[in-house]
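Work through the exercises below with the coordinates open. Try each task before reading its solution.

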Amino acid sequence: MSVLWRILSYLRPYRRTLLSGYVALLLSVAAQLAIPRLVEVAIDRGIAGQQKHVVLAASAALVLAGIAQGLLTFARSYSFQALAENIAYRLRRELYEHLERLSFSFFDQAYTGQLMARATEDVNAIRRFFWVVPRIAVQSLGTLVAVSVMLFLMNWRLAALSLSVLPLLALATVHFSQKARHLFLEVQQQFGVMTTVLQENLAGARIVRAFAREDAERARFDTELHTLQQRSLRAARWSSLYTAVVTTLGALGIVAVVWYGGRQVLAGHLSIGQLTAFYFLLVLTTQPIRMLGWMVSSTARAIASGQRVFEVLDLRPEILSPPNGIDASGIRGAVEFRSVSFRYPESGTASLHDITFAAEPGQRIALFGPTGSGKSTLVALIPRFYDVTEGTVLIDGVDVRAYDLHSLRRRVGLVLQDTLLFSVSIRENIAFGRPDASEEEIIEAARAAQAHDFIMDLPFGYDTVVGERGISLSGGQKQRIAIARALLMDPRILVLDEATSSVDAETDRLIQQALQRLMEGRTAFIIAHRILTLQNADLILVLENGRLVERGTHEELLARGGLYARQYARQAQEQVPLRSAGD
Ligand SMILES: Nc1ncnc2c1ncn2[C@@H]1O[C@H](COP(=O)(O)OP(=O)(O)O)[C@@H](O)[C@H]1O
Ligand SMILES: [Mg+2]
């Protein structure tokens, strides 16, 4: 029930739309009822009474009533649809804004498809609810009450008997709505599973084809689709059963009229005309009763969907900006880790153990270690993508958790291994973090990132839309856009996480030049596999299984003869045959 109340609370800002919908509904019913009355006047008094002016007046009134009915129908129909569309808009925006606030740990576990299903199909179910239920509820209940009153006034015994099915109907409705809510929840859940498979296959279309997995993937999709169909059919069987029960109960009411009413007529307590009128009035209740069934299943569906939408909206972001957080825009960029340990929320083991080091403003810190040793995890703690489990991360001697989150993240620039470009123009992609940047600043950043020349070669230069009309950029080009994007933010602290691992040597050289510029005067964290890229660092931290096992400059680490020195020897060996082959 509370879910339903919460859904209904979305009506609050639209009370006026709802009210105008109801007013239009009432007036259009009135106009509808006025028309036969006007016809009656025109015939009885105008035509039969031979009075031309009455016919004329009645005709004019009919025209007005017709126009009024048309306008009112428009107003009514539009009001309820506007209500539904506005609420759907608000829900989707709220969902999106909430998803933006949720922490990284949420996205580590959430399935994109499930989230998409909630933002599309579940919101749609709520939209349909608002479209039909507020209107039908008033219309049907109004008719039901009005007709019942009329029936009781005509013959209360007969009315009581023929309407005695209503409590049974209420019972069936309650029972059905509980069952239906459960069934519809299963349907929506499966819809999310199917969307996830679909989304994975669309995003991974290349992989699927490259591994010739089309058949297997089709089978997987088919399985989920089939389950969805089965569950939808089960829900459909229940709603059909409910409709059948409702119809049967309605028929029982008619039986009461024939049986009890017939006996009343035979006994002379009721005229045949009265019985006929009674019957026709009773028939008027069947439509609203059937509508009731539809309303109940729409409501059950909306509740199931609301549950799924509110589940997301109720998740609290784990990482919040502190109240009155310190503004980070003036930081110098000293970074310190004090006995930092970190475990991912869903993981059983810690990914970082007791890490301690300090970086002065403007220093270059290199992180080196095998895959999975914790390098990316370590740098993710600086802009608070995650919070430490133990210890403290400090910037300029202040715990990162004390800074205003937005201002902190704005001062930390990131260039990651694979860059995501949005399907907007190159200009907007570069200005992603600073939409207010001037044209000069954007071009300057692109030049510094060695990207300006290739951008000018694109069909529409900076206005070229990424991904449109087959325009796609190579890995190296995307990387340079990402560097320009980071440059434009002018961050104090820069993180390069394997920023050049996936590009060829020539591109790597260009990017290295761009990066040199990017790093000037900033505290930089560089993660790379090629020791060549790291050897000029002020401090090299060597990680293994989440522990800091060695630290020092390139020379110090070579002299130490540990993990770093062994890797260096191996990479140097690999370089030799490569070079001679190139000569
Ligand atoms: N989002 C995550 N959730 C749970 N565990 C993770 C997550 N990301 C990385 N890990 C685990 O943390 C450890 C360190 O990973 P990572 O920092 O990515 O290493 P590296 O960047 O050095 O390759 C690994 O054991 C990895 O499996
Ligand atoms: Mg990594």
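The exercises that follow concern a predicted model.

**Exercise 1. Find the largest nonpolar core and say which helix gives the largest share of it.**

Step 1. The largest nonpolar core holds 52 residues. Ile7, Phe130 and Val309 have the most contacts inside this core.

Step 2. Map the core onto the secondary structure. Two or more residues come from each of α1 (2-8), α3 (52-101), α5 (112-154), α7 (165-203), α9 and α11 (286-313).

Step 3. Rank the contributions. Helix α11 gives the largest share, with twelve residues.

Step 4. Look around Phe130. Leaving out residues up to four places away in sequence, Phe130 touches Ile7, Leu8, Tyr10, Leu11, Phe80, Leu83, Ala84 and Ile87.

Step 5. Check for another core. A second, separate one has 46 residues, including Val466, Ile511, Leu515 and Ile531.

**Exercise 2. Set the UniProt annotations beside the computed secondary structure for residues 23-301.**

Step 1. Read the record. The unreviewed UniProt entry assigns "domain: ABC transmembrane type-1" to residues 23-301.

Step 2. Compute the content. This stretch, residues 23-301, is 92% helix and 0% strand. Its end C-alpha atoms lie 28 Å apart.

Step 3. Go to the finer annotation. Under "transmembrane region", the unreviewed UniProt entry lists residues 55-75, 136-153, 159-176, 241-260 and 266-285.

Step 4. Take two of these spans. Residues 159-176 are 89% helix and 0% strand, with end C-alpha atoms 26 Å apart. Residues 266-285 are 65% helix and 0% strand, and the end C-alpha atoms are again 26 Å apart.

**Exercise 3. Locate the nonpolar surface patch of about 380 Å² and assign its residues to helices.**

Step 1. List the members. Leu161, Leu252, Val255 and Trp259 make the patch.

Step 2. Assign the main contributor. Helix α9 (residues 214-266) gives the most, with three residues.

Step 3. Place Leu161. This residue lies in helix α6 (residues 156-162).

Step 4. Check the exposure of Leu161. Its relative accessibility is 31%, so Leu161 counts as partly exposed.

**Exercise 4. Search the whole structure for salt bridges, then examine selected pairs.**

Step 1. Count. The search finds 20 salt bridges.

Step 2. Take Glu311 and Arg118. Their closest N and O atoms are 3.1 Å apart. Glu311 sits in helix α11 and Arg118 in helix α5, so the pair ties together parts 193 residues apart in sequence.

Step 3. Compare burial for this pair. Glu311 is partly exposed, at 47% relative accessible area. Arg118 is buried, at 8%.

Step 4. Take Glu439 and Arg427. Their side chains meet at 2.9 Å, N to O. Glu439 belongs to helix α15 (residues 439-448) and Arg427 to helix α14 (residues 426-430), so this bridge ties together parts twelve residues apart in sequence. Glu439 is partly exposed at 32%, and Arg427 is partly exposed at 22%.

Step 5. Take Arg338 and Glu336. The closest N and O atoms of this salt bridge are 3.0 Å apart. Arg338 is partly exposed at 41%. Glu336 is partly exposed at 25%.

Step 6. Look for a network. Salt bridges link Glu200, Arg213, Glu217 and Arg220.

**Exercise 5. Describe the surroundings of Leu539, and decide whether Leu539 is buried or exposed.**

Step 1. Place the residue. Leu539 is in strand β9 (residues 539-544).

Step 2. Apply the cut-off. Buried means under 20% relative accessible area. Leu539 has 16%, so Leu539 is buried.

Step 3. List contacts. Beyond residues up to four places away in sequence, Leu539 touches Ala358, Arg364, Ile365, Ala366, Arg551 and Gly552.

Step 4. Gauge a long distance. Arg237 is 302 residues from Leu539 along the chain, and their C-alpha atoms are separated by 69 Å.

**Exercise 6. Examine the positive phi values of Asn324 and Asn545.**

Step 1. Start with Asn324. Its phi is near 55°. Asn324 lies in the loop between α11 and β1 (335-342). This residue is exposed, at 78% relative accessible area.

Step 2. Turn to Asn545. Its phi is near 50°. Asn545 lies in the loop between β9 and β10 (547-552). At 61% relative accessibility, Asn545 is exposed.

Notes
Residues numbered from 1 in each chain as written. Chains lettered and ligands numbered in written order. Predicted model: local features only at pLDDT ≥ 70, side-chain atom pairs only at ≥ 80, totals over all residues. Heavy atoms only, no water. Patch = residues over 30% accessible without salt bridge, like charges linked within 9 Å, V, L, I, M, F, W, Y side chains within 5 Å. Areas by Shrake-Rupley, 256 points an atom, 1.4 Å probe, with all protein chains shown as cover. Salt bridge = Lys/Arg side-chain N within 4 Å of Asp/Glu carboxyl O. Helix = DSSP H or I, 4+ residues; strand = E, 2+ residues; numbered from the N terminus. Buried < 20%, exposed > 50% of the residue type's maximum accessible area, 1.4 Å probe, protein only. Contact = heavy atoms within 4.5 Å. Core = buried A, V, L, I, M, F, W, Y, C linked by side-chain atoms within 4.5 Å. UniProt positions renumbered as here; feature names shortened; annotations may be inferred.
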